[in-house]
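Me: I should like a close look at a single part of this model, the nonpolar core and the strands and rings around it. Please give one connected account.

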Amino acid sequence: MMQTRQKTRATGHEDKPSGGSRLLRAALLAAVAVVLPFQGLANEKIANRVAVFSGIDKITGRIHTFDVYIDETVQFGALQVTPRVCYSRPNTEAPKTTTFVEVDEITLDSNIRRIFTGWMFADSPGLNAVEHPVYDIWLKDCKMESDVPPPS
């Protein structure tokens, strides 16, 4: 909303900003000076050590919640879940929790078949959840610590 000076055709004089316009410009510049240093913080993401997943066993109807350390593989039924990263935001920001995860299925003939590689979003669990004929898995949260001992 910067105002530029223009010469009018009839008089050849420059149009100068009015006092109110100068005040508005000064207020906008002050606001930018206050907000700009915090711009990077709004997009700050926290790399967590643990991804928290929920999974449903469709045969029993039971939902299980389980913690998985980054780069660790945990088996849920016939599925192996390996999160590679798990990001969240500071508590002062709107929640946005994401993980990049690989999910493999152990087939009946003991082969391992990759069924999912990609991002999961805790605030949209249906968007990229793993949907399997027997098991569904989705991201619930990311955190730094777990009650489960870390892998050795």
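Reply: The structure is a predicted model. A convenient point of entry is Ile137: setting aside neighbours within four places in sequence, Ile137 is in contact with Phe53, Ser54, Gly55, Phe66, Phe76, Leu79, Val81, Met120, Ala129 and Val130. Several of these names return in the description of the core. The largest nonpolar core has 18 residues, and those with the most contacts inside it are Phe53, Phe66, Val101, Met120, Val130 and Ile137. At least two core residues come from each of the strands β2 (50-57), β3 (62-69), β4 (74-76), β5 (79-88), β6 (98-106), β7 (112-121) and β9 (135-143). Strand β9 supplies the largest share, four residues.

The pairing of the strands gives β9 its setting. Strands β2 and β9 run antiparallel and are joined by eight bridges. Within this pairing, Ile56 stands opposite Asp136 of β9. Strand β9 also runs antiparallel to strand β8 (residues 130-131), with two bridges between them. Here Asp136 of β9 is the bridge partner of Glu131. Asp136 therefore appears in both descriptions, facing Ile56 and bridging to Glu131. The connection from β8 to β9 is a hairpin through three residues.

The aromatic rings come next. The structure holds five aromatic pairs. One of them is formed by Phe53 and Phe66, which are stacked at 6.0 Å centre to centre with 25° between the planes. Because Phe53 belongs to strand β2 and Phe66 to strand β3, this pair ties together parts that are 13 residues apart in sequence. Both Phe53 and Phe66 are buried. A second pair, Phe100 with Trp119, is edge-to-face, with 5.4 Å between the centres and 70° between the planes. This pair links distant parts of the chain, since Phe100 lies in strand β6 and Trp119 in strand β7, 19 residues apart.The accessibility of the two members can be stated as well: Phe100 is partly exposed, with a relative accessible area of 24%, and Trp119 counts as partly exposed at 34% relative accessibility.

The rings also form a wider group: Phe53, Phe66, Phe76 and Tyr135 make up one aromatic cluster. Of these, Phe53, Phe66 and Phe76 are among the contacts of Ile137. A ring also takes part in an arrangement with a charge: the charged end of Lys45 sits over the ring of Tyr87, 4.4 Å from its centre.

Two loops between the strands that supply the core deserve a closing note on backbone geometry. Asp71 lies in the loop between β3 and β4, and has a positive phi of about 65° although it is not a glycine. Ser110 is placed in the loop between β6 and β7; its phi is near 65°, again a positive value in a residue other than glycine. Ser110 is exposed, with a relative accessible area of 60%, whereas Phe53 and Phe66 are buried.

Conventions: Residues numbered from 1 in each chain as written. Predicted model: local features only at pLDDT ≥ 70, side-chain atom pairs only at ≥ 80, totals over all residues. Heavy atoms only, no water. Core = buried A, V, L, I, M, F, W, Y, C linked by side-chain atoms within 4.5 Å. Buried < 20%, exposed > 50% of the residue type's maximum accessible area, 1.4 Å probe, protein only. Contact = heavy atoms within 4.5 Å. Phe/Tyr/Trp six-rings, centres within 6.5 Å; stacked < 30°, edge-to-face > 60°. Lys NZ or Arg CZ within 6 Å of the ring centre and 35° of its normal. Pairing = 2+ DSSP bridges.
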